[in-house]
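User: I am new to this structure and would like a close look at a single part of it, the open sheet and what surrounds it. Please take me through that part with care.

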Amino acid sequence: MIDFGYGLTPSATLKIEKVDNPLFAELHRLEPDVTKCIACGSCTASCSAGVFTEMSLRRVILSLQRGREKETLPMLQHCMLCGKCQLVCPRGINTRHLILSIGKVYKMEDKAL
Amino acid sequence: MMKERILAAYDPFVLPFVFGMTFVLAYCLVALVKVLIQLKPADRQKFFLSLITPATIVKNIRDLFCDCLFHVKLWKRNKVLGYMHSSIAFGWFMIILLGHVETVLYIPERLHKLYYPIFFRYFMEVKGETLQGSFFFFLMDFFLLVILSGITIAIIKRFRSRIVGMRRTTKLTLTDRIGLYSLWAIFPLRWIAEGFTAGVAGGSFMTIPINWLLHNFMSKPENFTAAWWAYSIALGTFMTVLPFTRYMHIPAEILLIPMRNAGLPVRHTRKGFALAMLYSCPSCGVCIDACPMGVQKKNVQDATVYMVRNLKRRNPKRSLEIAEKCLMCGKCAALCQVQMDACGLRLAYRTSHEKEHNRIPADFGYLEAVDPLPQLGEQKVLYYAGCMSSLTPVISRSVQQVLKAAGVDYELMDKDGSICCGRPLMLSGRQEEARKLIEKNRQLIEESGARILLVSCAICYRIFKEQYDLIGVEVMHYTEYFNRLIKEGRLHVRNGHQTLVYHDPCDLGRGCGIYDAPRQALRAVGQLVPAAKEREESICCGGSVGSLTLRYEDREPITRGALDNLTANNPEQIVTACPLCLKTFSRFAPVPVADFAEVLAQNLEQA
């Protein structure tokens with residue numbers, strides 16, 4: 001194919017075949033709210049752990065949807081489960097259960113980040 | 001005078017009873033040993049020590065009488081049910097006791113026979129009346145009447161529970177039904193059996209008329225052994241199924257009461273103390289009506305009684321669902337007749353599940369970089385607003401306003417973002433992780449030199465009280481502290497004459513037993529009207545961090561139910577003392593919802 005120069009740069013390409021969909025489907029079974037996210041970032045803005053670390057639930061959910069969980073799973077280690085994100089979420093996502101469920105579905109690699 | 005009629009002191013009809021009784025005694029003995037072995041050595045030592053501590057001995061004896069025999073707690077809650085239970089329990093106890101007394105008095109050499117005091121009337125005959133004999137006949141018949149009246153109420157309750165004031169009762173299992181029907185049958189059969197023999201063995205106002213009836217209307221009234229067989233079979237059936245039914249609570253409570261009074265914690269979902277608790281659940285169903293989730297019919301299956309049943313049956317799927325759904329408001333535990341630690345059982349389940357399944361280990365290493373607090377003088381109060389309060393800034397603003405008005409010197413603990421108190425982590429079953437937050441907060445507080453730690457969140461307050469063990473620091477909820485300031489005359493408020501209703505947050509009321517301080521303070525600034533149900537019966541706002549799986553749309557009906565309860569007496573304002581309740585109620589409340597500190601701040605007397 002002729003490259004007209006409008007294609008995605010390799011670093012921005014999502015390789016769908018590499019996305020581990022069964023894991024995300026399992027997560028969706030445990031906590032159906034995960035697909036409700038509109039990535040508004042309210043959770044990240046209010047996060048208690050976010051004051052001290054780079055923790056961002058918005059980024060975690062986005063990366064899981066894209067099958068790039070390795071990038072963000074370590075963030076969840078910092079979560080104090082205080083539940084502020086749940087209170088501010090405009091979509092009423094049960095964020096605490098979502099975070100606990102992620103921990104049950106995905107396994108963090110020891111030296112991910 | 002009493003004389004033995006059957007000289008062999010035996011008849012085959014006693015066998016069903018003897019079998020049942022032996023079985024139940026053996027089963028209980030094995031269960032007792034099992035529970036004691038399963039206790040952690042430290043807990044076991046604590047338990048045995050409590051058995052020889054005079055204060056606990058007194059408490060144990062009092063509880064055994066009040067709870068097992070007289071059902072004082074149930075009487076206070078519902079007179080009809082109280083009468084029903086205590087009439088059967090106390091009446092039966094007295095019949096057994098009197099049977100033994102009679103045996104001791106008249107034929108002590110037969111006392112070693114298990115069945116003799118139970119079937120005393122069959123084996124004895126009366127020769128000439130004495131006052132003492134008639135007195136026993138009367139007592140026996142009197143207690144039989146008491147029991148029969150209780151059984152009558154129980155039968156009515158089974159078919160029309162609303163008559164006795166219960167909206168929902170427990171759905172019984174098959175063995176429960178067998179136990180129930182045999183229990184119902186025992187005493188009417190005893191009445192007939194003793195009625196048959198009342199002519200020879202004596203009787204009183206209950207049994208003599210039956211004897212007269214039977215002898216006048218039956219062609220062969222001497223064939224009375226059938227009635228005694230029926231009575232013995234009913235007893236035997238009841239005893240044999242007892243360990244597998246809810247009636248196991250009868251023997252189990254005798255063990256549970258001293259264990260509870262020893263202050264043992266629930267460490268496992270079905271071992272040791274927890275096992276004694278599971279055995280002790282009478283499946284009465286008080287927890288079904290108590291549960292705030294009950295506003296939706298689908299949640300009825302998640303009441304504590306079904307949690308217990310699923311734990312007993314080792315049904316991990318349902319146990320987990322129920323354990324994770326619960327709001328942990330503690331209302332069922334507060335109303336429970338055997339004081340089941342319903343939240344403790346669920347928490348134990350969550351903890352073991354988390355440990356097994358969570359594969360993202362927590363890392364709170366970043367907390368080490370948190371700067372220490374500035375050194376506080378003796379007089380300075382350290383104020384911890386908590387995570388939730390940062391979403392309800394009105395609370396920390398009002399608290400500071402009140403503190404300034406009272407001239408209190410204070411320092412904010414979490415103005416640059418707070419470290420969570422740890423209770424939400426703990427409630428989700430991550431005990432060890434929560435410990436790390438607790439340790440860090442404890443270190444920060446103790447190093448600051450603060451004497452008073454002021455907390456404006458009920459959730460934080462509970463964990464500070466229960467888990468922190470702060471040395472030299474008094475932890476105070478702002479309702480307590482402000483009430484103290486008003487009493488000491490340091491805080492001057494005026495009465496705005498607004499009608500207020502106070503909502504007891506779960507963790508503050510049932511969790512820490514603070515009911516009066518907020519009410520006293522609120523009476524100084526407005527007119528307090530009661531809610532339909534309050535204090536230990538207050539209804540959770542529905543926002544609780546205790547529930548892990550309850551979804552947003554399922555929380556709304558709970559909130560609305562709680563609001564209906566609060567607005568029963570048409571208050572102008574709802575006042576709560578927890579940021580989470582404030583935020584949850586504000587969404588749907590028909591009248592304004594305010595925080596406790598906000599109401600005080602609005603009614604400050606201008607100097």
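Analyst: What follows starts with the setting in chain B and then turns to the sheet, a pair of helices and the core.

This is a predicted model, in which local features need pLDDT of at least 70 and side-chain atom pairs count only at pLDDT 80 or more, while totals for chains, interfaces and linings use all residues. Residues are numbered from 1 along each chain as its sequence is written, and chains are lettered from A and ligands numbered from 1 in the order in which they are written.

Chain B holds 27 helices and 10 strands, where helices (H or I, at least four residues) and strands (E, at least two) are DSSP runs numbered from the N terminus. Its domain assignment, whose bounds come from an automatic or database source, gives domain 1 (11-250), domain 2 (256-357), domain 3 (365-484) and domain 4 (492-602). The C-alpha centres of domain 1 and domain 4 of chain B lie 46 Å apart.

The open sheet has 4 strands in the order E8-E7-E9-E10 (chain B), with parallel pairing; two strands count as paired if DSSP finds at least two bridges between them. Strand E8 (527-529) and strand E10 (593-595) of chain B each have a single partner strand and stand at the edges, so one side of each is left without a neighbour in the sheet. Direction ignored, neighbouring strands of this sheet are turned by 40° against each other on average. Strand E9 (residues 573-576) of chain B pairs with E10(B) in the parallel sense over 3 bridges, and Thr576(B) has Asp595(B) in E10(B) as its bridge partner.

Two helices of chain B, H25 (residues 552-566) and H26 (residues 579-588), have axes that come within 10 Å and cross at roughly 90°, the axes being lines fitted to C-alpha atoms over the stretch in contact, with angles from 0 to 180 degrees between N-to-C directions. H25(B) and H26(B) are therefore roughly perpendicular to each other, a term for angles of 65 to 115 degrees. Glu556(B), Thr559(B), Arg560(B) and Leu563(B) in H25(B) meet Thr584(B), Phe585(B), Arg587(B) and Phe588(B) in H26(B).

Leu600(B) is among the residues with the most contacts inside the largest nonpolar core, which has 209 residues; such a core is a set of buried Ala, Val, Leu, Ile, Met, Phe, Trp, Tyr and Cys residues joined through C-beta atoms within 7 Å, and buried means that 20 or more other C-beta atoms lie within 10 Å of a residue's own, with C-beta atoms placed from the backbone. Leaving aside neighbours within four places in sequence, Leu600(B) is in contact (C-beta atoms within 7 Å) with Val402(B), Phe482(B), Val493(B), Ala521(B) and Val525(B).

Note on methods:
Buried ≥ 20, exposed ≤ 12 C-beta atoms within 10 Å, placed from the backbone. Contact = placed C-beta atoms within 7 Å. Parallel < 35°, antiparallel > 145°, perpendicular 65-115°, else oblique.
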